[in-house]
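Biologist: I'm new to this one. Could you show me the model and talk me through it?

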Amino acid sequence: MTDLARSLREKLEGTHRISALPLLSEHVSSDGTVKWLFDVGNGNAVETVFIPEADRGTLCVSSQAGCAVGCPFCSTGHQGFSRNLRTGEILGQLWHAEHQLRGRFRLSDNERAVDNVVMMGMGEPLQNYAALVPALKVMLDDHAYGLSRRRVTVSTSGVVPMMDRLRHDCPVALAVSLHAPDDALRDDLVPLNRKYPLRELLGACVRYLESAPRDFITFEYCMLEGVNDSDVHAARLVDLVRGRSEDSAGIEVSCKFNLIPFNPFPASGLKRSSPQRVSAFAALLQEAGYVTTVRKTRGDDIDAACGQLAGEVQDRTDVQARRSGRSIAIQPVRMSS
Ligand code: SAH
Ligand code: SF4
């Protein structure tokens, strides 16, 4: 940057570093989903997933190496918490995806490869608030990525005080990982519920809607066979969001549901609900008047589906080769100086 004074450049050289995230591997699924594994130092790695759709692409970005919340159905949760990513490491995932895919799709300067960012990779974004918010601001800034607020989504397991801060600091779209219709079950599935129970979480959702770019909260619900997927659970879920159950304490939330069939990983001891069960559960929510989608499982042949991200550093080429997905294992490379 020769437009800066030499003295300033020398000073910055001593204090700042500009580099891309070191890439450890790239895997491409048979459905076009791409998963990158980045080295974030000290044996830690994080994963980023690009999910192509007909007219756009969604990037699933990580916010932490590991996660401290410890949900039993999540591979990242099983791994425990290593550290928060820095703002540059969060943005570096978007930078890498945009640069890689731009070349691959032969896009012109005014086109972009990623037009949706979801903070649904590894980690609990609202437990890394200080680094997250500046990253979100760069994603939204017209001089940077220029994404619309509606197309940047923070997914949280329910860190209530930070939901309140986010609506003031940077109100992007919000997804809340619910997974259970009452406190008793949610205490087990999302341990953070013991600190911020449902009535507090629902209250924070209603407050968030005052400044949200959309007029609903998306509730994510991981479908676990025999755990949270019965008709009774669906009926209780409707009562909860209508403010009619004991745990919701009269708080009604304008919402949509996104059902995620559980993606298994070794040692979870849990099973995915059958497609019939998922459809029946979805139908009950729809009959009650709630828009409900079932998330398509993308990239599971390369372990890139929700909850399968564990940032494993070892080369799994052999495992991949036995599966249907095409895989490319890349030796650790420095992407820039
Ligand atoms: N920590 C944040 C964001 C990352 S997880 C959160 O919990 O919201 C993104 C979504 O994937 C969450 O809804 C999470 O509950 C869900 N998820 C985690 N493990 C999963 C699994 N094994 N199968 C399906 N969904 C899972
Ligand atoms: Fe953390 Fe989200 Fe996984 Fe729970 S589901 S352990 S909050 S990453």
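Below, we go through some helix packing and the ligand.

Modeller: Quick ground rules: this is a predicted model, where local features need pLDDT of at least 70, side-chain atom pairs count only at pLDDT 80 or more, and totals for chains, interfaces and linings use all residues. Residues are numbered from 1 along each chain as its sequence is written, chains are lettered from A and ligands numbered from 1 in the order in which they are written, and side-chain values use heavy atoms, with hydrogens and water left out.

Biologist: How are α3 and α4 oriented to each other?

Modeller: The axes of α3 (residues 87-104) and α4 (residues 129-140), lines fitted to C-alpha atoms over the stretch in contact, come within 8 Å and cross at roughly 40 degrees. Angles under 35 degrees count as roughly parallel, over 145 as roughly antiparallel, 65 to 115 as roughly perpendicular and the rest as oblique. So α3 and α4 are oblique.

Biologist: And how is α4 oriented to α5?

Modeller: Here α5 covers residues 160-169, and its axis is 12 Å from that of α4, at an angle of about 25 degrees. That makes the pair roughly parallel.

Biologist: Which side-chain N or O atom is 2.6 Å from an oxygen atom of ligand 1?

Modeller: Ligand 1 is surrounded by 20 residues (each with a heavy atom within 4 Å). Polar contacts are pairs of N or O atoms within 3.5 Å, and one joins a backbone N or O atom of F73 to a ligand nitrogen at 2.7 Å. The side-chain atom at 2.6 Å from a ligand oxygen belongs to H179.

Definitions and conventions
Axes fitted to C-alpha atoms, helices over the stretch in contact; angles between N-to-C directions. Helix = DSSP H or I, 4+ residues; strand = E, 2+ residues; numbered from the N terminus. Polar contact = N/O pair within 3.5 Å; in protein donor to acceptor, adjacent residues only side chain to side chain.
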